[in-house]
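Colleague: I've got this model open and I'd like to learn how to read it. Could you walk me through a helix and a couple of pockets?

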Amino acid sequence: MTDKSPLRQALNACDLKKVRELVAAGDNIRFVDDHGYNAAIDAAYGVYKASPEAARQLFEYLIEQRVNLSQRTSYGESALSVLSRMGRFEFVHQLLSAGADKRQLKWTPLLEAVALGSVADVESALNMGEHIDSRDAWARTPWLLSLQRGDRAKAELLQAHGADTSVRGHCGAPCTFYPIRGGYPDMLRWLLQSGVSTELKDDFGHTAIFEAVGHDNLECVLLLLEAGCDIHIDANGTPLSGARSRPIIMRLLEAGADPADADQRIILGFDSKHTSRERTLSVLASVTPDDFTRGINRIFGRSNPERMHQPYWEAMIRAGAGAYAARVRFGRTDSYSDGPIWCAERYGQSLTLLPDGRAIQVGGEHEDFYSSDFCIYNDIFVHYPDGEIEVYGYPKEVFPPTDFHTATLVGDHIYLIGSTGYQDERQYGETQVLRLNIHSLRIDSVETSGEKPGWISCHRAKLADPSTIRVWGGKIMKLDTGEESFVENRTTFLLDLNSMRWRVE
């Protein structure tokens, strides 16, 4: 939204008070931009995050101001098409009543009756002999539209008249998507109780759990989890990787989703990692140039552990900022002789939530090896329930730079297994196992024996029983005649914590 005018931002927020102020100050409410967007279309896109009453009043104002309600963009969008796609039929009705072009919806009398009418209206349209599986502008049949409308009586009536319940809509969306889009969990429950599979996919390989997560609908997520949906399915990302609210993230984690896919910042109560650069830079505003200079690079600890007092680091953790953002903030974009700039935007960093309310993040890397800011870290962040953050460093020989490992909480210790690490520090055939005491924060290397996984990373680990950690998936790095290769790990390994011996399951 930062590239839009204040008026367009107010429209997209359905902020009628601000819109009125800007128009009174001279802004043109009947604008049309280069792509054909106007006030009605901007307002339609804002409906999903506004209260119904705020949206209704804004559209009423736009109607009074004679804004073109039928305006189409160069992409074929209109206010009606946007509102119809979202299932906000109350506003579709409002615009139609004000003269918007109904032809944009491609609604037959039956489709219109399902969207806007009563059950009697639907029955009357059916008795006219209209094709029961006709489609609207979004490829929805009356059956799909009834699901998005959340009207079970209409859905059952259409079923009784022979509607095809296996149809798919725009981009192959199956029936399970539509009650989620409409915000009707009871309708989704009815479908699932009727035997509809949770694993029906659209053209992109997404299932209903992706749709529920994308719409931030916790109730639908819970219904799908209860029905046994697959939370590990990967269609250019897993359901967890798309989650943007803490309650949904936590429920997916409880159900066994891979923690590596989660937006850790949301779990910790910070802004999402997708926060705008402007927000990131504002968090760094309190950091002085001297603070930055003192903490510009990674510093290895001198004891096991060493509390690192660096205001710049703590601000970077709160900001979730990358190294380049720090370079922008402190004017270092023209020089890369400083070495890697310390930052908290990392990949392959583990997060462990402790019973006492603390959370511990371990290691991780920033950027890839070819970047000037590439760095693999060997520090930990401790987050307290009151918002306090502590950073601890370690000697390199005690805690090697570690990334893409797993962290498994067992009693008073977190077992850190695996790492990609720096190329010249990898021990092919060995498996790095470290033990972090959650009270003293001391880290110790653990010697293991048996059938080791080898130099493993990007894997998963879980406590199989009180004294056994199961490790599976990921990749194992091998060295053969001087050539390094990543090999998919297709074996499940078990580490006995009593004997520290590995075996194959």
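**A covered helix, then two pockets**

Modeller: Let's begin with the buried residues of α3, which are Ala39, Ala40, Ile41, Asp42, Ala43, Ala44 and Gly46. Keep in mind that this is a predicted model.

Colleague: How do I read a list like that along a helix?

Modeller: Here's the general idea: an α-helix has 3.6 residues a turn, so residues three or four places apart point the same way. In this case, 7 of the 8 residues of α3 (residues 39-46) are buried, and the helix is mostly covered.

Colleague: Which elements do the buried residues of α3 pack against?

Modeller: They pack against α1 (6-12), α4 (52-64) and α5. Have a look at the N-terminal end of α3 too: Asn38 caps it, with a side-chain oxygen 3.3 Å from the backbone nitrogen of Ala40.

Colleague: On to pockets. Which helix gives the most to the lining of the second largest pocket?

Modeller: That's α11, with 3 residues. Among the other elements that each supply at least two is α5 (79-86), one of the helices that the buried residues of α3 pack against. The pocket holds about 640 Å³ of space. Its lining has 24 residues, with Arg85, Met86, Gln148, Arg181 and His215 nearest the centre. By class, they split into 10 nonpolar, 6 polar and 8 charged.

Colleague: And what is the lining of the largest pocket like by class?

Modeller: There you'll find 22 nonpolar, 13 polar and 10 charged residues. The space comes to about 1,500 Å³. Nearest the centre are Pro259, Ala260, Gln264, Gln349 and Leu351. Both helices and strands contribute at least two residues each, including α15 (246-254) and β14 (460-465).

Definitions and conventions:
Residues numbered from 1 in each chain as written. Predicted model: local features only at pLDDT ≥ 70, side-chain atom pairs only at ≥ 80, totals over all residues. Heavy atoms only, no water. 1 Å grid on protein atoms, 1.4 Å probe; cavity = no way out; pocket = protein on both sides within 12 Å on 5 of 7 lines; lining within 4 Å. Points joined across faces, edges and corners; volume = space filled by probe spheres on them. Helix = DSSP H or I, 4+ residues; strand = E, 2+ residues; numbered from the N terminus. Nonpolar A, V, L, I, M, F, W, Y, C, P; charged D, E, K, R; others polar. Buried < 20%, exposed > 50% of the residue type's maximum accessible area, 1.4 Å probe, protein only. Contact = heavy atoms within 4.5 Å. Polar contact = N/O pair within 3.5 Å; in protein donor to acceptor, adjacent residues only side chain to side chain.
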